[in-house]
Amino acid sequence: SSRLGVLTSGGDAQGMNAAVRAVVRTGLHLGAEVFAVDDGWQGAVDGHIRALAWDDVGSILNRGGTVIGTARSADFRTRPGRLRAARNLLERGIDRLVVVGGDGSLTGTELFRTEWPGLLEELVATGGLDAATAAAHPELFVAGLVGSIDNDMVGTEMTIGADSALHRIVEALDAIASTAASHQRTFVVEVMGRHCGYLALMAAVAGGSDYVLIPESPPAPGWEEEMVDKLRESRAAGRRESMVLVAEGARDRAGAPITAAYVRGVLQDRLSEDARVTILGHVQRGGAPSAYDRWMSTLLGYAAAQEVLSAEPGGEPHVVGVRHNRITLLPLVEAVSATRAVATAVDAGDYAGAMAARGSSFTE
Ligand code: F6P
């Protein structure tokens with residue numbers, strides 16, 4: 001029977017457990033043997049791989065984080081690390097994998113997949129693997145699921161964890177609003193998202209914030225005055241609390257970071273107001289997954305297990321994502337490279353370039 005591994009890699013995200021549970025149970029239902037590779041790619045490098053039964057993924061649907069562990073593995077970035085990973089997987093006969101991770105993890109996955117025949121050749125030549133085992137597993141089959149609170153993958157509308165993180169942020173904004181109103185204070189709230197402004201923008205809309213700074217839309221020079229004017233207007237209109245959201249990756253048009261501390265300084269100097277900074281940090285990634293992250297990740301895990309177990313030799317690998325609210329297969333290589341191109345353009349303050357990369361042909 002087929003042997004299927006599942007791993008979670010990179011930053012954890014709420015809903016990863018739902019995805020893992022669905023992969024495991026779908027795999028078992030389809031007659032595969034299913035294994036957890038613990039702590040992301042590091043577990044493959046170290047041989048921390050264990051068989052899972054149906055009940056091993058019971059009662060995890062509602063839990064935050066990932067119960068099979070995750071890591072940003074430095075060893076897996078090296079060829080010797082990947083050689084060890086290939087040998088450890090093949091010792092258990094595993095040549096099909098579902099990887100739940102961000103664009104970095106999926107890039108590493110694709111590299112490993114393309115290197116696979118060469119890695120096996122080298123292992124056989126150096127006595128690390130017998131030729132018969134290598135010949136029985138000439139190809140590595142992978143399917144990717146995007147686990148990241150950032151919602152930053154081109155081609156899919158939602159990544160696993162983004163909805164829960166957004167809920168967490170909006171709850172925090174509500175909490176901040178009451179203390180802000182009591183003191184008639186302005187708060188500058190920094191939210192996560194790396195190169196992507198999704199969380200900041202959606203939280204600003206959902207939380208009724210006064211001003212938001214996101215990486216994809218660097219503000220025009222003189223934005224400080226515009227922001228201050230807006231806040232003055234809303235005070236004049238009787239609003240007692242003001243809120244400015246800053247995405248952690250916010251940039252100006254020259255590509256220089258706009259930090260929460262800078263925004264606070266502007267507010268204090270020009271508004272003569274007592275401003276406070278709250279950096280939400282890892283609270284955004286913690287805690288229970290939202291209903292959406294539970295059911296959508298379940299559908300995604302189900303589809304990913306089916307996809308990877310039915311993959312035929314010579315096929316292209318896919319990321320299983322969401323488009324028009326339906327499960328969609330995206331070409332892994334294109335999705336990852338378009339995502340990289342967007343991040344690079346955003347970092348350079350190149351708004352047009354970022355938008356062009358986002359609208360890649362396969363996303364039509
Ligand atoms: O990619 C998810 C994310 O939470 C980003 O929003 C953030 O920039 C980064 O991970 C933080 O990474 P770490 O948990 O390694 O500090």
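This tour moves through a predicted model, beginning at its sheet, going on to its aromatic pairs and ending at a patch on the surface.

**The sheet**

Begin by selecting the strands of the open sheet, where seven of them lie in the order 3-2-1-4-5-10-11 with mixed pairing. Now colour strand 3 (49–52) and strand 11 (326–331), which stand at the edges; each has a single partner strand, so one side of each is left without a neighbour in the sheet. As you follow the sheet across, the twist from one strand to the next averages 30°. In general, the strands of a sheet pair through backbone hydrogen bonds, and they may do so in a parallel or an antiparallel way.

**Strand 10 and its two partners**

Next, select strand 10, residues 318–323, which runs antiparallel to strand 11 and is joined to it by six bridges. On its other pairing, strand 10 meets strand 5 (residues 141–146) in the parallel sense, over three bridges. A good residue to pick out here is His318, which stands opposite Pro331 in strand 11 and is also the bridge partner of Ala143.

Move then to the turn that connects strand 10 and strand 11, since these strands form a hairpin with two residues between them. Within that turn, click on His324, whose phi is positive, at about 50°.

Before leaving this region, show the surroundings of strand 10 and ask how many of its six residues are buried. Five of them are, so strand 10 is largely enclosed by the rest of the structure.

**The aromatic pairs**

Turn now to the aromatic rings, which make six pairs in the structure. Select Phe112 and Trp116, an edge-to-face pair with 5.7 Å from centre to centre and 85° between the planes. Both belong to helix 4 (residues 103–125), and because they are four residues apart they are separated by about one helical turn. Phe112 counts as buried, because its relative accessibility is 0%, and Trp116 is likewise buried, with a relative accessible area of 0%.

For a second pair, go to Tyr292 and Trp295, whose ring centres are 5.2 Å apart and whose planes stand at 75°, so this pair is edge-to-face. They sit in helix 10 (residues 291–309), where being three residues apart separates them by about one helical turn. Is each of them buried or partly exposed? Tyr292, with a relative accessible area of 17%, is buried, whereas Trp295, at 42%, is partly exposed.

To see how pairs can join up, add Trp41 and Phe76 to the selection of Phe112 and Trp116, for ring pairs link these residues into a cluster.

**A patch on the surface**

For the last stop, switch on the surface and select Leu201, Met202 and Val205, which form a nonpolar patch there with about 260 Å² of accessible area together. Met202 can be located in helix 7, residues 198–207. With a relative accessibility of 34%, Met202 counts as partly exposed.

Notes:
Residues are numbered from 1 along each chain as its sequence is written. This is a predicted model: local features need pLDDT of at least 70, side-chain atom pairs count only at pLDDT 80 or more; totals for chains, interfaces and linings use all residues. Side-chain values use heavy atoms; hydrogens and water are left out. Patches are made of residues with over 30% relative accessible area and no salt bridge: like charges are joined within 9 Å, nonpolar side chains (Val, Leu, Ile, Met, Phe, Trp, Tyr) within 5 Å. Accessible areas come from the Shrake-Rupley method with a 1.4 Å probe; for residues, only the protein chains shown count as cover. A salt bridge is a side-chain nitrogen of Lys or Arg within 4 Å of a carboxyl oxygen of Asp or Glu. Buried means under 20% relative accessible area, exposed over 50%, partly exposed in between (1.4 Å probe, protein chains only). Two strands pair if DSSP finds at least two bridges between them. Axes are lines fitted to C-alpha atoms, for helices over the stretch in contact, and angles run from 0 to 180 degrees between N-to-C directions. Rings of Phe, Tyr and Trp (its six-membered ring) pair if their centres lie within 6.5 Å; planes under 30 degrees apart count as stacked, over 60 as edge-to-face and the rest as tilted.
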